[in-house]
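Reader: I have a structure open and would like to talk it through with you. Could you take my questions one by one?

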Amino acid sequence: MTATGEPVLFRTSGRTARITLNRPRALNALDHEMVRRIDEALTTWEHDPAVEAVVVSGAGERGLCAGGDIRAVHGDARDGDGTASAAFWRDEYHLNARLARYPKPCVALMDGIVMGGGVGISAHGSVRIVTERSRIAMPETGIGFVPDVGGTYLLGRAPGEVGMHLALTGAEIGAGDALMCGLADHYMPSDALGAFTDDLTALPLRDALARHVRPAPEGELAQRREWIDACYAAGTVEEVVDRLLDHGDPAAKEAAATLLTRSPTALKVTFAALRRARRLGSLEEVLDQEYRVSCAALSTADLVEGIRAQVVDKDRRPRWTPRTLAEVTDAGVDRFFAPLGDRELGLAGPGTLPDAGR
């Protein structure tokens, strides 16, 4: 289990167990095998009285995790029938929910890049630590997809309309903003993480945190709340864009320009998903909804095209279908929320989600 060639490493030391995502060349992108192995380890440690806390980190210098293995999703959506991706998401979303409900503290070291699936494996933990190197984002609309792994649940609980801004634009945030948004709990310098994890092997979690937690640097989003809250409270994505363009703040116009490069379908589905997530009660219900949306996305042209443009060919020039927001109909959005019958994720139990109607 500790061979350096393994995609995820596990070890125990003193009071703690360690999960290290170990694909640094792929920025520790999660694949199905990694998800299954992590779940198995959590089962073992849950019943081990010697383990008092679990620490999640990433190998290499660049970050915790850049997301799920979207190259595999691209191939499955383009050449397969989508069953492999659906099976991966099923187990990944179950893992996200498990981390949120785990009976022992899950300590996530959100150092460096933490995006997409990386947010799912860290931000549901009970102790989430950011550093001056943290770059956190849910950038799915840029690949024709929608925030998942509980992302719409987390962003839906952020203050005001900040979560909607981050979900639609995919903007990266640092430590101060992550704390303000509720995506993290504590800040410490990145060069203190090693000493912190060493202390965890012998000290109670509270004492180890007290040794190393520091005041976080100030974020940027709190100063932008006025235009963010005003613009993203609009009733449609088109109106959001109009409000951003009409606002005098250059950052608002920059956000509008970003939105106009994203998949129009993904923007409208994300807008609806986040609004719906706010009305749903639990993380499990939101993950059930996200599974419907993710499975529906597998049959869209935009997911394949977006991954092609951003990750495979890297020409950064996706050709979205439809090309404009005006062409994306309400019916086209509603189909992403349609029930899956016996293929539902079912984390919250049967009959907990509404039908596709608005």
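Reader: Which residue in E3 does Thr16 stand opposite?
Author: Happy to help, and do keep in mind that this is a predicted model. E2 and E3 run parallel and are joined by six bridges. Thr16 is placed across from a residue of E3, and that residue is Ala53.

Reader: In what order do the six strands of the open sheet come?
Author: The pairing in this sheet is mixed, and the E2 to E3 pair is a parallel one. Reading across the six strands, the order is E1-E2-E3-E5-E7-E9.

Reader: Why is one side of E1 and of E9 left without a neighbour in the sheet?
Author: The sheet is open, with E1 and E9 at the two ends of the order E1-E2-E3-E5-E7-E9. E1 and E9 (186–187) therefore stand at the edges, and one side of each has no neighbour because each has a single partner strand.

Reader: Which helix lies across E2, E3, E5 and E7?
Author: There are two helices to consider here. Helix H1 (residues 32–46) lies across E1, E2 and E3, at about 15 degrees to E1. The helix that lies across E2, E3, E5 (106–110) and E7 (127–130), running at about 170 degrees to E5, is H8.

Reader: Which element gives the largest share of the lining of the largest pocket?
Author: This pocket holds about 1,100 Å³ of space. Its lining has 38 residues, and those closest to the centre are Ala66, Ile70, Met115, Pro139 and Val311. Helix H2 (70–79), helix H3 (83–101), strand E6 (113–115) and helix H15 (301–312) each give two or more residues. The largest share, four residues, comes from H15.

Reader: How many residues in the lining of the largest pocket are charged?
Author: Let's go through the lining by class. The nonpolar residues number 18 and the polar ones eight. That leaves the charged class, which has twelve.

Reader: And what is the second largest pocket like: which strands and which helix give two or more residues to its lining?
Author: About 340 Å³ of space lies in this pocket. Of its 19 lining residues, Arg18, Thr20, Ser57, Gly58 and Gly60 are the closest to its centre. The elements that give two or more residues are strands E1 (8–13), E2 (16–21), E3 (53–58) and E4 (63–65), together with helix H8 (193–200).

Reader: How many residues in the lining of the second largest pocket are polar?
Author: Five of the lining residues are nonpolar and six are charged. The polar class, in which Gly is counted, comes to eight.

Reader: Which helix gives the most to the lining of the largest cavity?
Author: The structure holds four cavities of 30 Å³ or more, and the largest has a volume of about 80 Å³. Among the residues lining the largest cavity are Val119, Ile136, Met138, Leu154 and Leu183. Strand E8 (135–137) and helix H5 (151–156) each supply at least two lining residues. With three residues, the helix that gives the most is H5.

Reader: How many residues lining the largest cavity are nonpolar?
Author: None of the lining residues is charged, and one is polar. Gly151 is in the lining, and Gly counts as polar. The nonpolar residues number ten.

Reader: One last pair: at what angle do H10 and H11 pack?
Author: The contact is made by Trp227, Ala230, Cys231 and Tyr232 of H10 with Val240, Arg243 and Leu244 of H11. Six of these residues are nonpolar and one is charged. The axes of H10 (residues 225–232) and H11 (residues 237–246) are 8 Å apart, and the packing angle is about 145 degrees.

Note on methods: Residues are numbered from 1 along each chain as its sequence is written. This is a predicted model: local features need pLDDT of at least 70, side-chain atom pairs count only at pLDDT 80 or more; totals for chains, interfaces and linings use all residues. Side-chain values use heavy atoms; hydrogens and water are left out. On a 1 Å grid over the protein atoms alone, a cavity is a set of points where a 1.4 Å probe fits but cannot get out, and a pocket is an open set with protein on both sides within 12 Å along at least five of seven lines; lining residues have an atom within 4 Å of a point. Grid points are joined across faces, edges and corners, and a volume is the space filled by probe spheres set on the points. Two strands pair if DSSP finds at least two bridges between them. Contact means heavy atoms within 4.5 Å. Axes are lines fitted to C-alpha atoms, for helices over the stretch in contact, and angles run from 0 to 180 degrees between N-to-C directions.
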